[in-house]
Every structure is written in structure tokens, then in C-alpha cells.
Amino acid sequence: MDDRDKNNDKVVQDLYEKGWSVVDNYISEAFRKDLLCEQKELLMHGQFRLAGIGSGETFAIKPEIRSDKVLWMDENLLTPIQEVYWNKMDRLKSAINQRCFLGLKSFEAHFAMYPQGSFYLRHLDQFQSVQYRIVSVILYLNDTWEESDGGELRMYFTRPDGIEEYQDFFPVGGRLVVFLSGEIPHEVLPTAKERISITGWMKDRD
Ligand code: OGA
Ligand code: MN
């Protein structure tokens, strides 16, 4: 069994037991740099747009709620590097389906860049218009990250006694965060420097 499969085993087991998982060094340093380099190139060409909330008729840009910029990947126009990412996520999706029976069918993903000072207020990734998002998958690409850089992902959990707790995770390069889109409220705290990631969603329809 190679490391990749071990990583997927851990994600699947965590997801099954508690609905979320954080795995460091999910990808190799070489591949992280490839993805980062590609994303920086796309950023330089000005292809990123302010992210929105909702979809279809309810879509709206609300910088007071989220101020990141995104660029969607096109499954039919993946670059070779994006294709490696896509295939990895496909393998993870199969592994999750085998154990968790979530009926995951398809995948969507965007590059995300949080400029200095940006954030994303508390939310669920499943909203009325996108109930088909079942599993959220975030892969961080940053070269370095210090505590003073902020930009933590804060995930909220409700204990059996009803009390809410949270845990914070820095966007450390190579770290993969996976959680059930409809169950884990989360937010991105204000970042003190540019914060780079790829966010994907596994969906239960095509
Ligand atoms: C999102 C999101 C969290 C992060 O894109 O919906 O919550 O840590 N991202 O980037
Ligand atoms: Mn989210």
C-alpha cells in the first residue's frame, strides 16, 4: 500500500466516524509546488473573479460575507497538472463511496485566493440551491504559514450535550481538509497575507 492509499484510508475512516478529517502532507511537495505555480500563473493573467454565494437565480456577490477570488476548473479542459489533482480526488471519492455509502457521483472544484484582509463568514457549503454538495475537500497550497498570518479555517462541532465547540486549522501547504458539506459549519478568519487553496465538492448527482 502506498502513502496515498494510507492517506485516503485515514480520510475515509475519519469521515465515517466523525464527519470530518484533516491530513497533512496529503500531496508531495513537488506536486504542491506545481499546483501553486499553475495557480499563480492563472492569477497573473487576471482570470480570477470575486466568489459568490448561492447558485442560479440566487447567486450574488457579497464581499461583506466572503471576499475570496476563485477560478473554476473545467473538467473538459484540465491542464495536465489539474488532471493529476482531479484523478486524486476521483480516487478519494471512490474510497469514500466504498465505506460511507454516500452515493457520490461527480466532482467540481475551483482555485481560491484570499487576498490580504479577506475572509469568509460562518456558513455551510450546502445551501438551498446546492443541496447536492455532499463532501467538501480543501487542499492548501501555501509555501509557508505562520500563526500571525491568521486565515484559519474554523470548523464548528456540536457536542452530544448540545454545546458548540470549534477547532482552528491553518492553511498549511499540503494539508487536506475534508468534511460533510451539510453538517459542519465553518468560516475562514481574516488572513494577513495571500492565502491559496483549491476547494472541491463531491456531489450526489451528475
Ligand atoms: C469554501 C470554504 C474554506 C477554506 O470555499 O466554501 O469554506 O479554508 N473554504 O478555504
Ligand atoms: Mn465553505
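**Exercise 1. Methionine 73**

Where is the place of methionine 73 in the chain? Is methionine 73 buried or exposed?

*Solution.* The model is predicted.
Step 1: find the element. Methionine 73 sits in the loop between β3 and α3.
Step 2: check the accessibility. Its relative accessibility is 8%. The cut-off for buried is under 20%. Methionine 73 therefore counts as buried.
Step 3: take a distance. Methionine 73 and serine 118 are 45 residues apart along the chain, and their C-alpha atoms are separated by 22 Å.

**Exercise 2. Tyrosine 114 and lysine 69**

Find the strand that holds tyrosine 114, then give its C-alpha separation from lysine 69.

*Solution.*
Step 1: tyrosine 114 lies in strand β4, which covers residues 106-114.
Step 2: its relative accessible area is 5%, so tyrosine 114 is buried.
Step 3: lysine 69 is 45 residues away along the chain. The two C-alpha atoms are nevertheless separated by 6.2 Å.

**Exercise 3. The two sides of α2**

Work out the span of α2, then sort its residues by side.

*Solution.*
Step 1: measure the helix in residues. α2 runs over residues 29-44, a count of 16.
Step 2: compare spans. From first C-alpha to last, α2 reaches 22 Å, close to the 22 Å expected at 1.5 Å a residue.
Step 3: list the buried residues. They are Phe31, Arg32, Leu35, Leu36, Glu38, Gln39, Leu42 and Leu43.
Step 4: place them. These residues cover an arc of only 160° around the axis, so they fall on the same side of α2.
Step 5: turn to the other side. Ala30, Cys37 and Met44 are exposed there.
Step 6: recall the geometry. An α-helix has 3.6 residues a turn, so residues three or four places apart point the same way.

**Exercise 4. The two sides of α3**

Repeat the analysis for α3 and look at the residue that follows.

*Solution.*
Step 1: α3 spans residues 80-100, with 21 residues. Its reach is 30 Å, close to the 30 Å expected at 1.5 Å a residue.
Step 2: the buried residues are Gln82, Tyr85, Trp86, Lys88, Met89, Leu92, Lys93, Ile96 and Cys100.
Step 3: they cover an arc of only 160° around the axis, which puts them on the same side of α3.
Step 4: the face turned away from that buried side carries the exposed residues Pro80 and Gln98.
Step 5: step off the end of the helix. Just after α3, phenylalanine 101 takes a positive phi of about 50°.

**Exercise 5. A nonpolar patch**

Which residues form a nonpolar patch on the surface?

*Solution.*
Step 1: name the members. They are Leu50, Phe59 and Ile61.
Step 2: give the area. Together they have about 270 Å² of accessible area.
Step 3: locate one of them. Phenylalanine 59 lies in the loop between β2 (49-50) and β3 (69-72).
Step 4: classify that residue. Its relative accessible area is 45%, so phenylalanine 59 is partly exposed.

**Exercise 6. Salt bridges**

How many salt bridges does the structure hold? Trace some of them through the chain.

*Solution.*
Step 1: the total is 13. Side chains of opposite charge can pair when their charged atoms come close.
Step 2: take arginine 175 and aspartate 24. Their side chains meet in a salt bridge at 2.5 Å, N to O. The pair links distant parts of the chain, 151 residues apart. Arginine 175 is in the loop between β8 and β9, while aspartate 24 is in the loop between β1 (20-23) and α2. Arginine 175 is buried, at 13% relative accessible area, whereas aspartate 24 is partly exposed, at 38%.
Step 3: take aspartate 68 and arginine 66. They meet at 2.8 Å, N to O. Aspartate 68 is buried, at 0% relative accessibility. Arginine 66 also counts as buried, at 9%.
Step 4: take arginine 122 and glutamate 164. Their salt bridge is 2.9 Å, N to O. Arginine 122 lies in strand β5 (residues 120-123) and glutamate 164 in strand β8, so the pair ties together parts 42 residues apart in sequence. Arginine 122 is partly exposed, at 41%. Glutamate 164 counts as partly exposed too, at 40%.
Step 5: look for shared partners. Salt bridges of this kind join Glu29, Arg32 and Asp143 into one network.

Note on methods. Residues are numbered from 1 along each chain as its sequence is written. Chains are lettered from A and ligands numbered from 1 in the order in which they are written. This is a predicted model: local features need pLDDT of at least 70, side-chain atom pairs count only at pLDDT 80 or more; totals for chains, interfaces and linings use all residues. Side-chain values use heavy atoms; hydrogens and water are left out. Helices (H or I, at least four residues) and strands (E, at least two) are DSSP runs, numbered from the N terminus. The expected span of a helix is 1.5 Å times one less than its number of residues. Buried means under 20% relative accessible area, exposed over 50%, partly exposed in between (1.4 Å probe, protein chains only). The arc is that of the directions from the helix axis to the C-beta atoms. Patches are made of residues with over 30% relative accessible area and no salt bridge: like charges are joined within 9 Å, nonpolar side chains (Val, Leu, Ile, Met, Phe, Trp, Tyr) within 5 Å. Accessible areas come from the Shrake-Rupley method with a 1.4 Å probe; for residues, only the protein chains shown count as cover. A salt bridge is a side-chain nitrogen of Lys or Arg within 4 Å of a carboxyl oxygen of Asp or Glu.
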